[in-house]
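Visitor: I am new to this structure and would like to learn how to read it. Could you take me through it feature by feature, giving the general idea and then the case here?

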Amino acid sequence: MFVDRDGTLIVEPADQQVDRLDKIRLLPGVIPALLEIQRAGFALVMATNQDGLGTERFPEADFRLTQQFILDLFSSQGIEFDAVCVCPHFPQDGCGCRKPKIGLVTDYLLRTAVDRDASFMIGDRATDLEFAGNLGVTGLRVRVNGTPQETWETVARRIVRGRARHGWSGAHGKRRFSRRWIWIGRRRLPSAPGWAFSII
Ligand SMILES: [Mg+2]
Ligand SMILES: [Zn+2]
């Protein structure tokens with residue numbers, strides 16, 4: 001399951017930039033939902049556009065601090081991301097990795113045997129659903145103050161029930177990705193505890 005970060009896992013601040021710890025708020029129901037989805041056998045892949053990451057306006061250190069806090073928070077509740085894919089570019093940069101383009105997850109798709117018919121992309125924006133369409137996976141929307149269909153509770157039920165209905169095993173054995181990786185742009189770096197990465 002691919003998942004957007006800002007506006008989907010955590011609430012998007014008014015200035016759309018999560019660069020301080022006090023800006024971090026989880027979306028309602030996100031923890032039990034991700035636990036349930038994970039238990040059903042899905043690997044979680046975070047796919048996020050972080051406009052201008054590494055520029056003066058959004059220093060890398062501010063991103064690292066908040067991103068690590070978010071990953072630690074989820075990890076403390078038993079939720080692990082198999083990969084974290086970050087596009088650091090601005091729209092005008094014309095990169096190939098900014099959602100809704102799929103360059104951000106190309107390496108992941110090559111490395112793993114993702115069954116796209118059985119995969120999902122969860123996000124809060126139209127571009128996330130467009131990204132899902134470009135990937136050939138089912139797109140579902142989660143939003144703060146959205147419709148009852150756009151809550152984590154409903155989305156998790158839909159994903160897990162769909163899996164049961166199709167008779168999938170739900171075993172974790174299908175995971176082929178035990179090590180976490182971070183992609184920044186087109187560079188892939190292993191994510192050891194205290195993960196290191198660099199910006200291209
Ligand atoms: Mg978002
Ligand atoms: Zn990019």
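Guide: Let us start with a strand, E3, that is covered on both faces: Ala 83, Cys 85 and Cys 87 are buried on one side, and Val 84 and Val 86 are buried on the other. A residue is called buried if 20 or more other C-beta atoms lie within 10 Å of its own, exposed if 12 or fewer do, and partly exposed in between, with the C-beta atoms placed from the backbone. Helices (H or I, at least four residues) and strands (E, at least two) are DSSP runs numbered from the N terminus. This is a predicted model, in which local features need pLDDT of at least 70 and side-chain atom pairs count only at pLDDT 80 or more, while totals for chains, interfaces and linings use all residues. Residues are numbered from 1 along each chain as its sequence is written, and chains are lettered from A and ligands numbered from 1 in the order in which they are written.

Visitor: Which strand pairs with E3, and in which sense, parallel or antiparallel?

Guide: Two strands pair if DSSP finds at least two bridges between them; here E2 and E3 pair in the parallel sense over five bridges, and Ala 47 stands opposite Cys 85. Between these strands the chain crosses from E2 through H2 to E3, a β-α-β crossover that is right-handed, meaning that, with the strands pointing away from the viewer, the path from the first strand over the helix to the second runs clockwise.

Visitor: What does E3 supply to the largest nonpolar core?

Guide: A nonpolar core is a set of buried Ala, Val, Leu, Ile, Met, Phe, Trp, Tyr and Cys residues joined through C-beta atoms within 7 Å. The largest one has 43 residues, of which Phe 2, Val 45 and Cys 85 touch the most other members. Several elements each supply at least two of its residues, including strand E1 (2-3), helix H1 (30-39) and helix H5 (152-165), and the largest share, five residues, comes from E3.

Visitor: How should I read a helix such as H2, and where do its buried residues lie?

Guide: An α-helix has 3.6 residues a turn, so residues three or four places apart point the same way. In H2, Phe 63, Gln 67, Ile 70 and Phe 74 are buried; seen down the axis of H2, the buried residues fall within an arc of 60° (taken from the directions from the helix axis to the C-beta atoms), so they line one face of the helix. On the other side of H2, Ala 61, Gln 68, Asp 72, Ser 75 and Ser 76 are exposed, and after the helix comes Gly 78, whose phi is positive, near 90°.

Visitor: Which residues are buried in H4, and what do they pack against?

Guide: In H4 the buried residues are Asp 128, Phe 131, Ala 132 and Leu 135, and they cover an arc of only 100° around the axis, which puts them on the same side of H4. They pack against E4 and strand E5 (138-141), and H4 is followed by Gly 136, whose phi is positive, near 80°.

Visitor: Is Gln 50, in the loop between E2 and H2, buried or exposed?

Guide: Gln 50 is buried, because 23 other C-beta atoms lie within 10 Å. Leaving aside its neighbours within four places in sequence, Gln 50 is in contact (C-beta atoms, placed from the backbone, within 7 Å) with Phe 63, Val 86, Cys 87 and Pro 88.

Notes: Contact = placed C-beta atoms within 7 Å.
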